[in-house]
Amino acid sequence: MKAVVLPKVCEDFLAYLRIEKEYSPATIEAYERDLTKFCVEQQDVLSATPDNVKQFIARLNRKGLAASSISRTLSCLRSFYRYAIREGWSTSNPAEVIRNPKGSSRLPKTLDVDQMNYLLDVEPQTRLEKRDRAMFELMYSGGIRLQELVGIDIKDVDLKEGLVHVTGKGNKARLAPIGRGAKKAINTWLGVRGRFDLSDPLFTSNQGKRLSPRSVQTRLKAYGVKLLGSSSLHPHMLRHSFATHMLESSGDLRAVQELLGHENISTTQVYTHLDSGYLAKVYEKAHPRAKRQS
């Protein structure tokens, strides 16, 4: 394929992902490839219609592109047009109405990066929404299990160091990271939570009692229905998404194992469900004798 100069709106979008959203280099590279392919076939991306997008996806399917890759391409296009609308470049999102291909559900066992950011970028308005945002940010930020989340007390959280002490299966304790988004959300929640002692639960109900696992599941499911149009969102999906995104970006299976609190690395390997194409890419990049000599 000859070199393609992306339109300014596409370059601005990629810069936005890199600088403001802080997407991983791997994700930005994949999105750039997707946009480039689309620009080759659609000379004026801002005038594209749903039929144009549908035809583009159909051609990718005929070429044998995996359903997961096609879904990522659609995720890229949806995110791009949302950006274009917000910045005044466009007035419609032609990719929004296009369904993911068969073999890949609307809401898979993991959320892709775009879905995850879309889910967590909505600004909370009410007290409960601020609590929920803090819960969901923390679960995704540290790959925290549902039972671990509801067991966290305020004293377990160190926002200065960006760490939270959690107790996992078999009473095994570990430190989980708290990212920038989770820090901000927790601070916001503590600001509206009311008076508390350090020994109090971090997340409480309206009655001030420790939140139950069932309540978290119900709130997250409703969140998914409202924002993603699916009732399949559950707490384990946030942990699974954390593991997958971390491993795809870093390739460090041992580090992800430690972050998840897995005793055996085989558990982490099964849990992340990396496809063979990704593993082959990591192998070729890392193994000294993987590449053929010319």
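Contact here means heavy atoms within 4.5 Å. I kept that in mind for every helix pair below.

**Before I start.** I am working with a predicted model, where local features need pLDDT of at least 70, side-chain atom pairs count only at pLDDT 80 or more, and totals for chains, interfaces and linings use all residues. Residues are numbered from 1 along each chain as its sequence is written, and side-chain values use heavy atoms, with hydrogens and water left out.

**Entry: α6 and α8.** I looked up helices, which are DSSP runs (H or I, at least four residues) numbered from the N terminus. α6 covers 127-142 and α8 covers 180-193. Their axes lie 8 Å apart, at an angle of about 150 degrees. An axis is a line fitted to C-alpha atoms over the stretch in contact, and angles run from 0 to 180 degrees between N-to-C directions. That makes α6 roughly antiparallel to α8 (over 145 degrees counts as roughly antiparallel). Which residues of α6 meet α8? Arg127, Lys130, Arg131, Arg133, Ala134, Glu137, Leu138 and Ser141 do, and on the α8 side I found Gly181, Ala182, Ala185, Ile186, Thr188, Trp189, Val192 and Arg193. I sorted the residues of this contact into seven nonpolar, three polar and six charged. For the classes, Ala, Val, Leu, Ile, Met, Phe, Trp, Tyr, Cys and Pro count as nonpolar, Asp, Glu, Lys and Arg as charged, and the others, Gly among them, as polar.

**Entry: α10 and α11.** I moved on to α10 (residues 235-250) and α11 (residues 253-260), whose axes come within 9 Å and cross at roughly 155 degrees. α10 and α11 are therefore roughly antiparallel to each other. Among the α10 residues in this contact are Phe242, Met246 and Leu247, and α11 brings Leu253, Val256, Leu259 and Leu260. By class, I note eight nonpolar, one polar and one charged residues.

**Entry: α1 and α4.** What angle do α1 and α4 make? I read about 100 degrees for α1 (residues 8-19) and α4 (residues 67-86), with axes 10 Å apart. α1 and α4 are therefore roughly perpendicular to each other (65 to 115 degrees). Phe13 and Tyr16 are among the α1 residues in the contact, and Phe80 and Tyr83 are among those of α4.

**Entry: the second largest pocket.** Lys21, Asn117, Glu137, Tyr140 and Gly181 are the closest to its centre, of the 31 residues that line this pocket. I saw that α8 gives the most to the lining, with six residues. Glu137 and Gly181 also appear in the contact of α6 with α8. The lining divides into 12 nonpolar, nine polar and 10 charged residues. A pocket is an open set of points on a 1 Å grid over the protein atoms alone, where a 1.4 Å probe fits, with protein on both sides within 12 Å along at least five of seven lines; lining residues have an atom within 4 Å of a point.

Definitions and conventions. Helices (H or I, at least four residues) and strands (E, at least two) are DSSP runs, numbered from the N terminus. Angles under 35 degrees count as roughly parallel, over 145 as roughly antiparallel, 65 to 115 as roughly perpendicular and the rest as oblique.
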